[in-house]
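This briefing is for a reader meeting the structure for the first time. Start with the sequence and the model, then read the points below.

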Amino acid sequence: MAEWLYTEYPELYDAIQSEWDYERDVAFVEARLRAAGIEDGHLLEVGCGTGEHTRRLVDLGFDVTALDKHAGMLRVARSKCDATFRQMAMPDLPVGGPYDAAVMLRGVVNHLAPDALEPAVDALADRIAPGGVLVFDNSPLPPAGNDPALDVGTTEEGQYARIAQHVPTDDGRLDWRAVTFTPDGEWFVNSRAMTPFEDATLSGALDLAGFDVAIHDGFGDADERSVFVASL
Ligand SMILES: C[S@@+](CC[C@H](N)C(=O)[O-])C[C@H]1O[C@@H](n2cnc3c(N)ncnc32)[C@H](O)[C@@H]1O
């Protein structure tokens with residue numbers, strides 16, 4: 001298992017993802033939190049990555065505590081905004097609380113092993129205040145037999161190319177395997193275990209932890225993710 005994109009090449013992750021519609025994701029989150037009467041306050045972000053959602057949430061006036069499993073991602077995120085950044089990996093969440101709301105944006109839940117789901121949801125429920133809200137998405141992952149896909153793009157440093165494929169593994173997960181050629185002439189392999197959760201599995205874990213759950217079709221137009229808005 002080699003997770004080089006997150007550990008060694010967070011700047012490249014940031015550049016590759018720079019066209020992502022972070023504004024749309026955060027506008028959805030803002031609307032859901034405002035609808036729950038949460039105007040500002042303490043917000044926990046799990047899996048903040050390179051901080052693109054984080055900085056927008058800070059700009060909205062939230063006091064954000066942002067967590068990620070990988071130090072490199074946090075290093076990039078830290079350079080962007082004034083939030084509290086901590087390195088840790090769900091389901092372990094030694095971060096105190098309570099928080100008015102929590103978010104996990106862009107497939108963070110799909111990085112969990114199946115047996116880590118309930119402990120993770122329980123840990124989040126423990127840290128969110130009564131009346132608080134949890135927002136996260138379930139990313140659709142390709143079925144068995146998907147073809148390798150080539151992605152060629154340009155960053156400020158130059159061109160990169162990546163060939164990637166999700167490969168089913170014996171434990172029912174998918175291994176995201178990629179070979180990437182970076183703009184500065186390096187190359188690396190990536191292997192990351194992902195879990196294609198059913199929406200019903202996620203709803204079940206949220207129910208057990210005491211959340212009321214609403215599932216939305218994406219964060220906005222042309223978004224295939226299921227978005228969970230779970231309230232305590
Ligand atoms: C697809 S990235 C999304 C990052 C960011 N939210 C974004 O939209 O750019 C998933 C992130 O989740 C982090 N991550 C994976 N497993 C995690 C865990 N168990 N606890 C906390 N963060 C985790 C990864 O390090 C990575 O930064």
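**Salt bridges and an open sheet**

Arg-34 and Glu-30 sit 4 residues apart in helix H3, about one turn of the helix. Their side chains meet in a salt bridge, at 3.2 Å from N to O. The model is predicted. It holds 16 salt bridges in the count, and it has an open sheet of 4 strands.

**The pair within helix H3**

- Arg-34 is partly exposed, because its relative accessibility of 23% falls between the 20% limit for buried and the 50% limit for exposed.
- Glu-30 is partly exposed too, with a relative accessibility of 24%.

**A network of shared partners**

- Some salt bridges share partners, and these join Asp-14, Glu-23, Glu-52, Arg-55, Arg-56 and Lys-80 into one network.

**A link between two helices**

- Arg-56 and Glu-23 form a salt bridge through their side chains, with 3.0 Å from N to O.
- Arg-56 belongs to helix H4 (residues 52–59) and Glu-23 to helix H3 (residues 22–35), so this pair ties together parts that are 33 residues apart in sequence.
- Is Arg-56 buried or exposed? Arg-56 is buried, at 15% relative accessible area.
- Glu-23 is exposed, because its relative accessibility of 51% is over the 50% cut-off.

**A buried pair**

- The side chains of Asp-25 and Arg-24 also meet in a salt bridge, at 3.3 Å from N to O.
- Asp-25 counts as buried, with 0% relative accessibility.
- Arg-24 counts as buried as well, because its 17% relative accessibility is under the 20% cut-off.

**The open sheet**

- The 4 strands run in the order E6-E7-E8-E9, and their pairing is antiparallel.
- Which strands stand at the edges? They are E6 (149–155) and E9 (187–194).
- Each edge strand has a single partner strand, so one side of each is left without a neighbour in the sheet.
- From one strand to the next, the twist averages 20°.
- In general, strands of a sheet pair through backbone hydrogen bonds.

**Where E6 meets E7**

- How many bridges join E6 and E7? The two strands pair over 7 bridges, in the antiparallel sense.
- Strand E7 covers residues 158–168.
- Within this pairing, Thr-154 stands opposite Gln-159 in E7.

Technical notes:
Residues are numbered from 1 along each chain as its sequence is written. This is a predicted model: local features need pLDDT of at least 70, side-chain atom pairs count only at pLDDT 80 or more; totals for chains, interfaces and linings use all residues. Side-chain values use heavy atoms; hydrogens and water are left out. Two strands pair if DSSP finds at least two bridges between them. Axes are lines fitted to C-alpha atoms, for helices over the stretch in contact, and angles run from 0 to 180 degrees between N-to-C directions. A salt bridge is a side-chain nitrogen of Lys or Arg within 4 Å of a carboxyl oxygen of Asp or Glu. Buried means under 20% relative accessible area, exposed over 50%, partly exposed in between (1.4 Å probe, protein chains only).
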